[in-house]
Amino acid sequence: MTTLSGQQSAISSQLETIAELPPHETQLQEFWRILKKDRLAIFGMIVLGVLLALAIVAKVTTEWVVIFDPSTVRLPDKFLPPMSGASADLIPTEDRPVFGVYLFGTDELGRDVFARMLQGSFVSLSIGFIAVGISVSIGILLGGLSGYYGRIKLGFITVDTLIMRFTDVMLCFPTFFLILTVVALLPPSIYNIMIVIGVTSWMGTARFVRAEFLSLREQDFVVAAQALGLPEYRIIFRHMVPNAMAPVLVSATIGVASAILTESGLSFLGFGVQPPFATWGNILSDGKGFIFDAPWLFFIPGFAILIVVLAFNLFGEGLREALNPKLRRR
Amino acid sequence: MAQARAHSGLLTMWTYIARNILQRIVTLLIVSIVAHSVIHLAPGEPSQVDPSNPRMKPSDIENIRAAFHLDDPLHLQYAYWIRDLFTGELKSFKDNQPVLPKIWQRFLNSLPLLICATLIIWSLSFPTGIHAAIRRGSVYDRSTTFTAYALISIPGFFLSYIMILWVVDTFNVPVIGMKTFGMEDADLAFRSMDRLWHLVIPSLMSAIGGIAVLSRYVRSQMLEVVGQDYIRTARAKGLSEDTVIYRHALQNALLPFVTMFGFLLPALIGGSVIFEQIFAWPGLGRLGYEAILARDFPVILTINFIAAVLTLAGTLVSDLLYAVVDPRIRLQ
């Protein structure tokens with residue numbers, strides 16, 4: 001009797017000490033606490049937030065409610081430097097830029113560079129996001145198949161061997177050369193560029209996801225879920241995919257950055273997004289011809305790309321640090 | 001007994017290599033089939049490059065198509081291509097020159113660029129990365145980190161144009177082509193100096209991305225090693241900091257980089273298109289670009305094939321090197 005009450009008091013005192021401990025922070029809180037310390041990553045995040053807002057505003061103001069018109073040609077006003085006003089007597093009122101000022105100057109056709117950059121921000125970002133969306137989907141699908149169903153035999157080879165050999169095959173292609181070849185042979189279209197960049201860059205994601213799945217498959221919570229008789233799609237999508245997402249998220253963030261760079265490289269070689277779409281890549285590549293006469297046509301898109309790609313890279317690297325518990329402890 | 005074990009070890013080593021090579025040959029075969037189908041199934045034919053030329057009669061187009069087997073079924077075209085490639089009779093669609101000597105010549109042009117760029121990358125990124133890792137969190141570390149990210153994030157041709165403007169204005173260094181036109185009769189010393197000056201800026205520019213990536217990699221690898229127990233032991237023994245860092249840590253941190261030697265050659269083709277285009281360098285990447293413009297399928301396919309061969313050979317070499325350098329993963 002005494003021992004029982006002694007046990008009870010021991011348990012209750014343990015409960016008190018547990019209650020006195022600080023409340024356990026959720027994964028999200030922990031992630032945010034670590035990310036907050038990384039000033040570069042926070043800088044990247046802020047820039048990306050601003051950029052996303054800007055891109056949406058840009059879509060609205062350049063296409064739906066036209067405030068900034070990127071395609072108006074004003075020949076009397078060509079090659080005006082930034083912050084110069086429109087010539088009031090030559091340009092009809094409806095063609096004038098907002099407040100009558102060209103914020104970023106005008107190009108060789110007198111188009112407002114600010115409006116074109118705005119339009120380009122949406123196009124460039126959507127190229128990045130859609131290309132990465134495609135590559136991440138393919139990567140998760142193939143990596144997941146290979147990691148979860150890898151042991152199933154198809155005739156004489158396993159699913160895992162088949163998919164991983166195919167990944168090796170894709171890794172053998174010189175990526176930029178392949179993208180260039182396909183984009184050059186296909187009819188020029190913005191969708192082709194997105195698809196081609198996406199289809200040629202999923203291999204890293206597939207490998208990450210496969211490795212994560214291989215280790216997750218052996219872990220207790222997955223075995224428990226299997227023992228409970230949960231349907232396989234539920235085990236995969238509800239229990240395994242969220243746990244495998246950390247490296248995918250990091251490589252996706254950096255992937256958007258490299259897709260924007262690839263697009264500008266394609267534009268430089270003349271196979272980028274064709275008019276009437278303006279992207280930062282093709283504004284930059286058109287601007288290189290006027291580097292002496294109108295340097296703003298070259299430097300404004302160049303630095304815009306630099307800042308945005310840098311923001312993506314820094315944010316991605318911050319994510320990697322914050323999501324990777326092994327790195328964190330050091 | 002020991003001899004027998006050593007012998008069987010050698011045998012497994014050879015079977016390992018043989019199996020690896022076989023696997024890679026199969027991969028190569030699939031790569032070539034995929035590349036061939038992608039290129040031939042895409043719209044746009046070599047005979048359509050110049051459709052507005054009034055001298056091109058329909059019969060000419062038919063002749064061209066027949067000469068290049070363009071009307072045969074796809075698998076036959078593939079067979080013709082492989083046969084011609086290995087007998088060395090593959091001809092370019094554009095000028096009917098044999099493809100292999102053409103590629104070889106351009107490869108020789110690209111080679112000095114590649115060697116210079118590699119030397120620059122390796123000699124700059126190791127000191128930078130090691131230094132940053134040793135002084136983790138210092139101003140030096142943070143500024144190199146930021147610089148590295150900035151260099152990765154800048155479009156290569158944007159930076160090159162700025163560099164060209166600055167360099168030509170300040171140092172008067174030539175930036176176009178491989179040599180100055182009209183220098184053929186000059187003294188050998190002059191010609192080689194001219195070659196060297198032409199090499200400086202292109203190789204520096206194509207090295208920049210590599211420096212940024214590799215120095216980051218060296219840094220993280222170094223950090224990984226510095227946190228290990230044996231480094232603490234070495235410090236506890238009372239070894240000097242230099243011995244700990246340069247003998248105990250660096251040697252182990254260098255292991256993964258052995259494998260990177262394998263990837264040097266394939267980098268030649270993929271990354272060089274833009275830089276060779278900027279600096280008018282008559283190299284392999286530019287040949288590929290010209291071939292794409294002219295729908296010169298044999299050249300495109302062969303460059304792609306060679307790139308795949310180099311990649312596969314590179315991974316094979318790096319796997320073997322790794323097994324040689326790191327006894328822990330020696331083949332079971």
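User: Which helix of chain B holds B:Leu76?

Analyst: In this predicted model, B:Leu76 belongs to helix H3 of chain B, which covers residues 74–87.

User: Is B:Leu76 buried or exposed, and why?

Analyst: The call rests on a neighbour count: a residue is exposed if 12 or fewer other C-beta atoms lie within 10 Å of its own, and buried if there are 20 or more. B:Leu76 has 11 other C-beta atoms within 10 Å, so B:Leu76 is exposed.

User: How far apart are the C-alpha atoms of B:Leu76 and B:Val226?

Analyst: They are separated by 58 Å, and the two residues are 150 residues apart along the chain.

User: What does chain B consist of, in helices and strands?

Analyst: Chain B has 14 helices and 0 strands. Its pattern along the sequence is α-α-α-α-α-α-α-α-α-α-α-α-α-α. Of the 332 residues in chain B, 31% are buried. Among contacts in chain B with a separation of 6 or more, 70% are between residues 24 or more positions apart.

User: How many residues does each chain give to the contact between chain A and chain B?

Analyst: In general, the size of an interface is often given as the accessible area lost when the parts come together. Here the account is by residues: 34 come from chain A and 38 from chain B. On the chain A side, the elements giving two or more residues are helices H5 (159–172), H6 (175–185), H10 (232–268) and H12 (296–323). H6(A) supplies the largest share, 8 residues.

User: How do the residues on the chain A side divide into nonpolar, polar and charged?

Analyst: The side of chain A that touches chain B has 24 nonpolar, 6 polar and 4 charged residues.

Methods:
Residues numbered from 1 in each chain as written. Chains lettered and ligands numbered in written order. Predicted model: local features only at pLDDT ≥ 70, side-chain atom pairs only at ≥ 80, totals over all residues. Helix = DSSP H or I, 4+ residues; strand = E, 2+ residues; numbered from the N terminus. Contact = placed C-beta atoms within 7 Å. Nonpolar A, V, L, I, M, F, W, Y, C, P; charged D, E, K, R; others polar.
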